[in-house]
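Good morning, colleagues. I would ask you to keep the sequence and the model in view while I speak.

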Amino acid sequence: MREEEREYMEDLIGKYILGEANPQEISEVESWCALHPDNQKYLEDTQLIYEKAQLPSEKEFNAEKAWGAVLGQINSRKEKRGLSFSLWKIAASLALLATISFVLYYQMAPGEEYLLRAENEISTQVFPDQTEISLNRSSAATVKYNPRKKTGSIQLTGEATIDIGKEKNIQWTVEVENLLIRDIGTVFHVKAYPEENSIEVSVLEGIVEMIKPAGDRLTLQAGEKGIYDKRSGEFDTALADTNVVAFKTRSFQFSEQSLSEVVALVSEVYRQKIRLAGPIGDCKITVGFENEDLDTILEILAETMGLEILKGSAEIVLSGDGCF
């Protein structure tokens, strides 16, 4: 067989095995196999090599091993049989196909999906890249985590603090209703309850983008809060309040804030009804608490502002005569 005929037959067999041959080419291969039993066996052996190069599973595949196996079997058969043309070209094609198949399989795998829910207690989930998602009560999230694609997406209903892993190996996004939030930094907080008229994103570290469906976006730096008005579809900004993560940390920093604001947040975090009695709601206070229990917080407030504490079965009452 001349060199040109050998190369032609190599290409034809390759197309036949890969399922790319047209009816005329299929007929040529079958006619060639009918000329001699060795030709038919050659085709069958080559098909077997191809099948062994496929992917039984992600964990079992080794591209280098597959390449060696293909070439080894081909070279062995070349020595044992008098077949006159080389299989190098088809072997390379088959091994390359197997490698590409593995890469596509690896990249297109769906990854893992997590359903997170917080009813009456705070729920925190840490992912393999060390990203931490903490849900406040009455919140839920569907998380799709794909380390192969280096992506993580969070479909959030309610409120969550998201602390991105320090290595930043995964690009995280948050979807809330029709708004997309893209992380470019490390720590941010999202408040997006369906019954409320706005979505708030507070950035504690790094940079975050809020993106509308049409593509308009708001970039937020650390210390800023983005506010998306669901009714008007407009963005607004304000200073971020670090106390938004108090539901998770039980740490507070108040600077010249009214007692009514302080008590409202403490009441929400500790899930205890606290009522103010007397003209004390507008009194300003600067104070910090680091993971203290509720009794300690109330005692500090009472001592600092000259208040009395009355504990009942349904509520706690703080009373006083006013600011001094």
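**Helix H7, helix H8 and the largest pocket**

Let me begin with one residue, Ser267, which belongs to helix H7, residues 259-270. Please bear in mind that this is a predicted model. Is Ser267 buried or exposed? Its relative accessible area is 18%, and the cut-off for a buried residue is under 20%, so Ser267 counts as buried. Its side chain reaches the backbone oxygen of Gln272 at a distance of 2.5 Å. If we set aside the neighbours within four places in sequence, Ser267 is in contact with Gln272, Lys273 and Ile274.

I remain with H7 for a moment and turn to the largest pocket, whose volume is about 500 Å³. This pocket is lined by 23 residues, and those closest to its centre are Lys191, Asn243, Val244, Leu265 and Glu268. Four elements each give two or more residues to the lining: strand S8 (187-192), strand S9 (198-205), strand S14 and helix H7. Which element supplies the largest share of that lining? It is H7, with six residues.

My next subject is helix H8. H8 comprises 12 residues, 294-305, and spans 17 Å from its first C-alpha to its last, close to the 16 Å expected at 1.5 Å a residue. The buried residues in H8 are Leu294, Ile297, Leu298, Leu301, Ala302 and Met305. Why may we say that they line one face of the helix? Viewed down the axis of H8, the buried residues fall within an arc of 130 degrees, and therefore they line one face. Glu299 and Glu303, on the other side of H8, are exposed.

What covers the buried residues of H8? The cover includes H7, together with strands S14 (251-258), S15 (274-277), S16 (284-290), S17 (308-311) and S18 (316-319). H7 and S14 thus appear twice in this account: both are part of that cover, and both contribute to the lining of the largest pocket.

The two ends of H8 also deserve a remark. At its start, a side-chain oxygen of Asp293 comes to within 3.3 Å of the backbone nitrogen of Asp295. After H8 comes Gly306, which has a positive phi, near 65 degrees.

Finally, the chain as a whole. It contains eight helices and 18 strands, and 40% of its 324 residues count as buried. Among contacts with a separation of 6 or more, 48% are made by residues 24 or more positions apart.

Definitions and conventions: Residues are numbered from 1 along each chain as its sequence is written. This is a predicted model: local features need pLDDT of at least 70, side-chain atom pairs count only at pLDDT 80 or more; totals for chains, interfaces and linings use all residues. Side-chain values use heavy atoms; hydrogens and water are left out. Buried means under 20% relative accessible area, exposed over 50%, partly exposed in between (1.4 Å probe, protein chains only). A polar contact is a pair of N or O atoms within 3.5 Å; within protein, one must be able to donate a hydrogen and the other to accept it, and residues adjacent in sequence count only if both atoms are side-chain atoms. Contact means heavy atoms within 4.5 Å. The expected span of a helix is 1.5 Å times one less than its number of residues. The arc is that of the directions from the helix axis to the C-beta atoms. On a 1 Å grid over the protein atoms alone, a cavity is a set of points where a 1.4 Å probe fits but cannot get out, and a pocket is an open set with protein on both sides within 12 Å along at least five of seven lines; lining residues have an atom within 4 Å of a point. Grid points are joined across faces, edges and corners, and a volume is the space filled by probe spheres set on the points.
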